[in-house]
Amino acid sequence: LSERLSGVFDRLTKRGALSEADVDEALREVRIALLEADVALPVVKDFIAQVREGAVGEAVVKSITPGQMVIKLVHDALVKMLSAGEETATAISLNAPAPVPIMMVGLQGSGKTTSTAKIAKRLAERQGKKVLMASLDTRRPAAQQQLAILAEQIGGRSLPIVPGEPPVAIAKRALQAARLEGFDVVMLDTAGRLAIDEELMDEVAQVHAATNPHETLLVADAMTGQDAVTVAKAFKDRVSVTGIVLTRVDGDARGGAALSMRAVTGCPIKLLGVGEKIDALEDFHADRIAGRILGMGDIVSLVEKAIETTEQEEAERLARKMQKGEFDLDDMASQLRQLLKMGGLGGIMGMLPGLGKMQKQLEGKVDDKIVKRSIAIIESMTPKERKHPDIIKASRKNRIAKGAGVQVQEVNKLLKQHMDMSRMMKQVSKLGKKGLMRSGLAG
Ligand code: GDP
Ligand code: MG
């Protein structure tokens, strides 16, 4: 595959921004890579269309080919799609009155019983929770024993087995026992089937209705190929799945199922099973799975390095200017753009000694709208005004305000901000001259 890709890159010429042809050509290869990773076809189609829209017109970083740039954009889009947004969303939630019911659903052999024990062990060890495990698998002979044995292995507790008891009754008994004995969590391990069937789905739905689980975790094998969509849809339609546990991530499957399941259910992937042992459970990291699905890690890190270098060069250029006491409005705009892109103050701010404290103060207060408005104001100025802000008097201010679609006060505020910043930069550069010289930035 990588050979095919480098072929594409050779053919693509270097340009400032990604053209439709650049994007389409690279995305053809991405499409194949995703299908090879077993991402379901409809998910691939949607994903590609989404990336295509965002990629056309994006800037190509220096020393990087358009094709490589597209791969990096694809990678970023994958990470974004795979991650749940908030960090905490990938943790199992116990934010409900005890005993908190957690229900495990999925096909037979997907790893429900093993994952039940793994999660119980983790909750006990890491959070000191008292966990009761109950097997509702009355179909497979010895399925209930399997969980009892695992419970014993981890020094945990499982519900005593009553032969012939139906699943819903077991679930209710488990909840009651947990209430009486002061358990924090009840894990309900359900029966699976080799394929989705109505009988199974009815059973799962009944247990769900009877226990109202706080978390319903869909356990899925990372090797599930194009079937992932069918499985995820079926479970999502019958019970409200709250999270996904992806198992057999230790195998050589590229893990396309992760993307398919995430896309279909909209649920976060919460945990990864990485082996048969009880400890083989890992937190989910979107960037790792994205790298695995795309299988183009070399290109991604190449582009990341190039972006870093470019940013570093820009930061160094600014640092030199500032040291000479030159911080004009172009520089300010450049800083603001950086701020928007990174969602925080990196670059030059991080490089100047003594700015750490201010950086902390400014962080978290970044409002995209205000930043964008500031940039618009600067863009409405002439190059001369940007270089020499002191020439901006009343009539120029009016013109600039009109151009940026803001009030004159906003222009005044921005000019004052610029003055404050440039004064502060001068002070800092005096203080930190030694530090800057040492890091080779002194001009
Ligand atoms: P269930 O039918 O969904 O309850 O599946 P089980 O928990 O019984 O697991 C079926 C088989 O898969 C067992 O042999 C497990 O040891 C194995 N298994 C479960 N999770 C993993 C995993 O993350 N990696 C590997 N390699 N094997 C796993
Ligand atoms: Mg089982």
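**Figure 1. A stretch annotated in UniProt, residues 268-281.** In this predicted model, residues 268-281 carry the label "domain: SRP54-type proteins GTP-binding", which comes from an unreviewed UniProt entry. Zoom in and you'll find that the chain here is 43% strand and 0% helix. From one end of this stretch to the other, the C-alpha atoms are 16 Å apart.

**Figure 2. The surroundings of ligand 1.** Which residues come nearest to ligand 1? They are Gly111, Lys112, Thr113, Thr114 and Gly273, out of 18 residues around the ligand. Helix H5, which spans residues 112-127, gives the most to this shell, with three residues. Sort the shell by class and you get eleven polar residues, four charged and three nonpolar.

**Figure 3. The whole chain, for orientation.** Before the next close-ups, here's the overall picture. The domain assignment splits the protein chain into domain 1 (2-82), domain 2 (87-293) and domain 3 (300-438). Count up the secondary structure and you get 20 helices and eight strands. The chain has 443 residues, and 41% of them count as buried. Now take the contacts with a separation of 6 or more: 77% of them are between residues 24 or more positions apart.

**Figure 4. Where domain 1 touches domain 2.** The C-alpha centres of these two domains lie 35 Å apart. Their contact takes 15 residues from domain 1 and 20 residues from domain 2. On the domain 1 side, helices H2 (20-36), H3 (41-55) and H4 (66-82) each supply at least two residues. Which of them gives the largest share? That's H4, with five residues. As for the chemistry, the domain 1 side of the contact has eleven nonpolar residues, three charged and one polar.

**Figure 5. A closer look at helix H4.** H4 is 17 residues long and reaches 24 Å from its first C-alpha to its last, close to the 24 Å expected at 1.5 Å a residue. Is this helix mostly covered or mostly open? Mostly covered, with twelve of its 17 residues buried. Look along the helix and you'll meet buried residues including Pro66, Gly67, Gln68, Met69 and Val70. Further on, Leu78 and Leu82 are also among the buried ones.

**Figure 6. Phe183, a residue in a loop.** Phe183 sits in the loop that links helix H7 (167-180) to strand E4 (185-189). Why does Phe183 count as buried? Because it has 21 C-beta neighbours inside 10 Å, and 20 or more is what it takes to be called buried. Setting aside neighbours within four places in sequence, Phe183 is in contact with Pro99, Lys130, Val131, Leu132 and Ala178. You can also pick out Arg157, which is 26 residues away along the chain, with its C-alpha 9.9 Å from that of Phe183.

**Figure 7. Ala394, a residue in helix H18.** This last view shows Ala394, found in helix H18, which runs over residues 394-404. Is Ala394 buried or exposed? Ala394 counts as exposed, because just 8 C-beta neighbours lie inside 10 Å, and 12 or fewer puts a residue in that class. For a sense of distance, find Gly405: Ala394 and Gly405 are eleven residues apart in sequence, and their C-alpha atoms are 16 Å apart in space.

How values were computed. Residues are numbered from 1 along each chain as its sequence is written. Chains are lettered from A and ligands numbered from 1 in the order in which they are written. This is a predicted model: local features need pLDDT of at least 70, side-chain atom pairs count only at pLDDT 80 or more; totals for chains, interfaces and linings use all residues. Domain bounds come from an automatic or database domain assignment. Two residues are in contact if their C-beta atoms, placed from the backbone, lie within 7 Å. Helices (H or I, at least four residues) and strands (E, at least two) are DSSP runs, numbered from the N terminus. Ala, Val, Leu, Ile, Met, Phe, Trp, Tyr, Cys and Pro count as nonpolar, Asp, Glu, Lys and Arg as charged, and the others, Gly among them, as polar. UniProt positions are given in the numbering used here, feature names are shortened, and annotations may be inferred rather than shown by experiment. A residue is near a molecule or strand if its C-beta atom, placed from the backbone, lies within 6 Å of it. The expected span of a helix is 1.5 Å times one less than its number of residues.
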